[in-house]
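The following report describes a single protein chain, beginning with its sheets and then turning to a few individual residues. The sequence and the model are shown first.

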Amino acid sequence: MNTRDPHDAQDPYDPYEKTFPALPPPAGRGFARTWWGHAWLRALEDSALDGEQVKQGRRYARSGAVGAVSVRPGGLTAVVRDRDGTAHRTDVLVQEFTEAQWDRLLGLAAAESGHIAALLDREVPPELAQDAAAAGVELLPGIGDLDPRCDCDEWDHCPHTAALCYQVARLLDQDPFVLLLLRGRAEADLVDELEERSAAEAEAGAPRIPADEGVPAAAAYAAAAALPPLPPPARLPDAPGQAPTLDTESSSHPPGLDVDAVEFLAQAAVTRAYRLLAEALAPAHAERAPEPEPTTAEDAVRLTAEADDLRVRSRLAVAADRNRAGMDRAVLAWGFGGAQAVAVLEEDWTPDRAALARARALLASAWSEAADTATDTETDSPPDTGADSAPGTAAPVLRRVRARWTEPGGERQLRLGRDGRWWPYRRTAGHWLPAGPPCPDPASALAALDPED
């Protein structure tokens, strides 16, 4: 095996530095065609903090602004030109593997007949990356593993480093060994070492057991100590990642595709996945009742609440069969309590006798001077004192229609949710609108409508 230092001065035939000539602009809208190219682009988009810089870098790469690319252990280098022709020296650094990591990776490859056969045939099977990741050796860079350097002095990935990374995805389509060279091994040395390991195993006479025959339990138990330790549990990232971006420069999108809307939905999915993961990793998560899955209509309201683009909000309203004003009311309710708040806004239900009895008891005890003197099933009216009051004072007059208690001729209303909580509502421009989060008792909910009290 070649043991020379890969960082020594290079000669034109040095296996530890490969220079690829500048590539012509790609045909079609995609940059990657193979599993390796797509995986590299996912790593770029996951690690970049500024999605707009990544988009601009894609446009640079598509326009042919990236010159020849030099690949060596631990780094990539290229000259990338701005639209005005200004040249920038651009580098992207990648952490090299330690000897221990290489030993583990080569051991995995040598132990799997399919892996070693592919590598000796100058191919890098995607399954090798997956098996290596399971053993704690990440061939593909993860979040924070791509270290961009550029003389334009932008922070994080600038358009020049992003363009270089997009070009590397095309190089990986041609030669996946580029990734192994970045991690510290030239193709020739890697193949030589695999051949040595394979020959040594054959000489040792180690029996090979066909996969479909399994392994004796005693042999599997004895080999357990040689297996690599399980990787530690994943740490929750500091923030949701950046969703993949679409190529807005291309004209090959299907007719009617709203690129901005699709990118918004992708980012919304990333944000929701991050929230669900945070909840799953929180203490005592297993003791909490699972959150019910939102309906399509509820999900449309949630997405509208997150959308800034007016066109996206309008399309969501149409998809949910709501007019714009109706969607605005639903979004207002969502902000006070999610799907339950929207249900209270739109559902006009009638409590059963047990629920109604509990509600009357709460109304009777909410104001110390109030008494429930209702005489029919459609009116729950404490004595009319002529004044609206907070807890501990005279009770207001409230008239019930199903699960809604309203001041006669007034602008205030209480709504009872199916979970027994009370929601404050106020009449505005002829519509009843939610005015706050739910309260466990009616007096607190009514007081929330008059914070000065």
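Two strands are taken to pair if DSSP finds at least two bridges between them. By that criterion β4 and strand β5, the latter spanning residues 147-150, are paired in the antiparallel sense, with 4 bridges between them. The model discussed here is a predicted one.

**The chain as a whole**

The secondary structure of the chain comprises 15 helices and 10 strands. The chain has 453 residues, of which 41% count as buried. Among contacts with a separation of 6 or more, 61% are made by residues 24 or more positions apart.

**The sheet β1 to β5**

Five of the strands are arranged as an open sheet in the order β1-β2-β3-β4-β5, and the pairing is antiparallel. Its edges are formed by β1 (18-20) and β5, each of which pairs on one side only. From one strand to the next, the twist averages 15°. Helix α6 packs on this sheet and touches β1, β2 (66-72), β3, β4 and β5, its direction making about 65° with that of β4.

Within the sheet, strand β3 (residues 75-81) runs antiparallel to strand β4 (residues 87-93), and 7 bridges join the two. These strands form a hairpin with 5 residues between them, and in the turn glycine 85 has a positive phi of about 95°. Individual bridge partners can be followed across the hairpin and on to the edge strand: threonine 77 has aspartate 91 of β4 as its partner, and alanine 78 is matched with threonine 90 of β4. Threonine 90 in turn has cysteine 150 as its bridge partner in β5, while aspartate 91 stands opposite arginine 149 of β5.

How do the side chains of β5 alternate along the strand? Pro148 and Cys150 point to one face and are buried, whereas Asp147 and Arg149 point to the other face and are not. This follows a general pattern, in that the side chains of a regular strand alternate between the two faces of the sheet.

**Histidine 88 and aspartate 173**

Histidine 88 lies in strand β4. Because a residue is called buried when its relative accessible area is under 20%, histidine 88, at 10% relative accessibility, falls into that class. Its side chain makes a polar contact with the side chain of aspartate 151, at 2.8 Å. Leaving aside residues up to four places away in sequence, histidine 88 touches Ala78, Val79, Val80, Asp82, Cys150, Asp151, Cys152 and His160.

Aspartate 173 belongs to helix α6, which covers residues 159-174. Aspartate 173 is buried but has no salt bridge, the nearest side chain of opposite charge being that of arginine 33, 4.2 Å away. A salt bridge requires a side-chain nitrogen of Lys or Arg within 4 Å of a carboxyl oxygen of Asp or Glu. With residues up to four places away in sequence again left out, aspartate 173 touches Phe31, Ala32, Arg33, Thr34 and Gly37.

**The sheet β6 to β10**

Another open sheet is formed by 5 strands in the order β6-β7-β8-β9-β10, with antiparallel pairing. Strands β6 (399-401) and β10 (431-434) stand at the edges with a single partner strand each, so one side of each is left without a neighbour in the sheet. Neighbouring strands of this sheet are turned against each other by 30° on average, direction ignored. In the interior pairing of β8 (residues 412-416) with β9 (residues 422-428), 5 bridges join the strands in the antiparallel sense, and leucine 414 has proline 424 of β9 as its bridge partner.

**Aspartate 441**

Aspartate 441 is placed in the loop between β10 and α15 (442-447). With a relative accessible area of 22%, aspartate 441 is partly exposed. The distances that involve this residue are collected below.

| Pair | Kind of distance | Value |
|---|---|---|
| Aspartate 441 and alanine 443 | side chain to backbone nitrogen | 3.2 Å |
| Aspartate 441 and serine 444 | side chain to backbone nitrogen | 2.8 Å |
| Aspartate 441 and leucine 362 | C-alpha to C-alpha | 6.5 Å |

The side chain of aspartate 441 thus reaches the backbone nitrogen of alanine 443 and also that of serine 444. Leucine 362, by contrast, is 79 residues apart from aspartate 441 in sequence.

Technical notes: Residues are numbered from 1 along each chain as its sequence is written. This is a predicted model: local features need pLDDT of at least 70, side-chain atom pairs count only at pLDDT 80 or more; totals for chains, interfaces and linings use all residues. Side-chain values use heavy atoms; hydrogens and water are left out. Axes are lines fitted to C-alpha atoms, for helices over the stretch in contact, and angles run from 0 to 180 degrees between N-to-C directions. Buried means under 20% relative accessible area, exposed over 50%, partly exposed in between (1.4 Å probe, protein chains only). A polar contact is a pair of N or O atoms within 3.5 Å; within protein, one must be able to donate a hydrogen and the other to accept it, and residues adjacent in sequence count only if both atoms are side-chain atoms. Lys and Arg count as positive and Asp and Glu as negative; His and the chain ends are not counted. Contact means heavy atoms within 4.5 Å.
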